Amino acid sequence: MSILVQRYAPLAGSPAEALWREGEASYVEAGLARHVTVTAPPPDLVGWCAMLDGELAGLQACRLKPEVGEAHGLLSWVRPGFRQRGVFAAIQAAVDADLLAAGVTAIRSWVVDGPGAAAMAAAIIARGGAKVREQQVLTATGAMVGYHEFLRPLRLA
């Protein structure tokens, strides 16, 4: 098993865009998103895409905010068939190393209520992150959903 992580800046138009659309679709289809259709990645989005044995396996995408020393995480997605195989850990190590090299010292991210939310929050906390706020968001389907904001200092693995 070989995991290769590649950075794409911008994410839009890259091979990783397919993973963005899949990940976003999981939120849209579950009624957890603020919009009713899958959107294209914003033009300023940077992504790290994992390939496992030559197949697209996972993605983390964020906006860089070097003026405040932060990256703003927008989406983390590992295809279901690739979960529990070290894909996200490999992506996270590459993201942290790249961001630290660019002078970014923390990543701000959101965990949306729904399947897997508790595990995502636990993973952030286990890496030194803390919840800084939460809010109830009106989704496109009219439901109120909890969005939990976390701030995690970056460190090399």
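Is E70 buried or exposed? In this predicted model, E70 is buried, with a relative accessible area of 12%, and its side chain takes part in a salt bridge with R108. The points below turn from the nonpolar cores to the charged pairs, then to charges placed over rings, and lastly to the buried acidic residue D96.

**Nonpolar cores**

- The largest nonpolar core comprises 17 residues, and those with the most contacts inside it are W48, A71, F82, V87, I91 and L99.
- At least two residues of this core come from each of β2 (46–52), β3 (55–65), β4 (70–78) and α2 (87–101), and the largest share, 5 residues, is supplied by α2.
- A second core, separate from the one just described, has 12 residues, among them Y8, A16, A61 and L75.
- V87, one of the residues with the most contacts inside the largest core, touches I3, A50, L52, A57, G58, V78 and F82 when residues up to four places away in sequence are not counted.

**Salt bridges**

- Side chains of opposite charge can pair when their charged atoms come close.
- Across the whole structure, a search finds 9 salt bridges, including one in which the side chains of R63 and D44 meet with an N to O distance of 2.9 Å.
- Because R63 lies in strand β3 and D44 in the loop between α1 (17–29) and β2, this pair ties together parts of the chain that are 19 residues apart in sequence.
- Both partners have some exposure: R63 is partly exposed, with a relative accessible area of 25%, and D44 also counts as partly exposed, at 44% relative accessibility.
- In the salt bridge between R108 and E70, the closest N and O atoms are 2.9 Å apart; R108 belongs to strand β5 (residues 106–112) and E70 to strand β4, so the pair ties together parts that are 38 residues apart in sequence.
- R108 is buried, with a relative accessible area of 16%, and E70 is likewise buried, at 12%, because buried means under 20% relative accessible area.
- E149 and R133 meet through their side chains in a further salt bridge, at 2.6 Å from N to O, and this pair links distant parts of the chain, with E149 in strand β7 (residues 144–153) and R133 in strand β6 (residues 130–138), 16 residues apart.
- Within this pair E149 is buried, with a relative accessible area of 6%, whereas R133 counts as partly exposed at 43% relative accessibility.
- E70, R108, R133 and E149 are joined into one network by salt bridges that share partners.

**Rings and charges**

- A search of the whole structure for aromatic pairs finds 0.
- Arginine side chains do, however, lie over aromatic rings: R34 lies over the face of Y147, at 4.9 Å from the ring centre, and R83 lies over the face of W77, at 4.9 Å from the ring centre.

**The surroundings of D96**

- D96 is placed in helix α2, the helix that also supplies the largest share of the largest nonpolar core.
- With a relative accessible area of 1%, D96 is buried.
- Leaving aside neighbours within four places in sequence, D96 is in contact with R127, R152, L154 and R155.

Technical notes. Residues numbered from 1 in each chain as written. Predicted model: local features only at pLDDT ≥ 70, side-chain atom pairs only at ≥ 80, totals over all residues. Heavy atoms only, no water. Core = buried A, V, L, I, M, F, W, Y, C linked by side-chain atoms within 4.5 Å. Buried < 20%, exposed > 50% of the residue type's maximum accessible area, 1.4 Å probe, protein only. Helix = DSSP H or I, 4+ residues; strand = E, 2+ residues; numbered from the N terminus. Contact = heavy atoms within 4.5 Å. Salt bridge = Lys/Arg side-chain N within 4 Å of Asp/Glu carboxyl O. Phe/Tyr/Trp six-rings, centres within 6.5 Å; stacked < 30°, edge-to-face > 60°. Lys NZ or Arg CZ within 6 Å of the ring centre and 35° of its normal.
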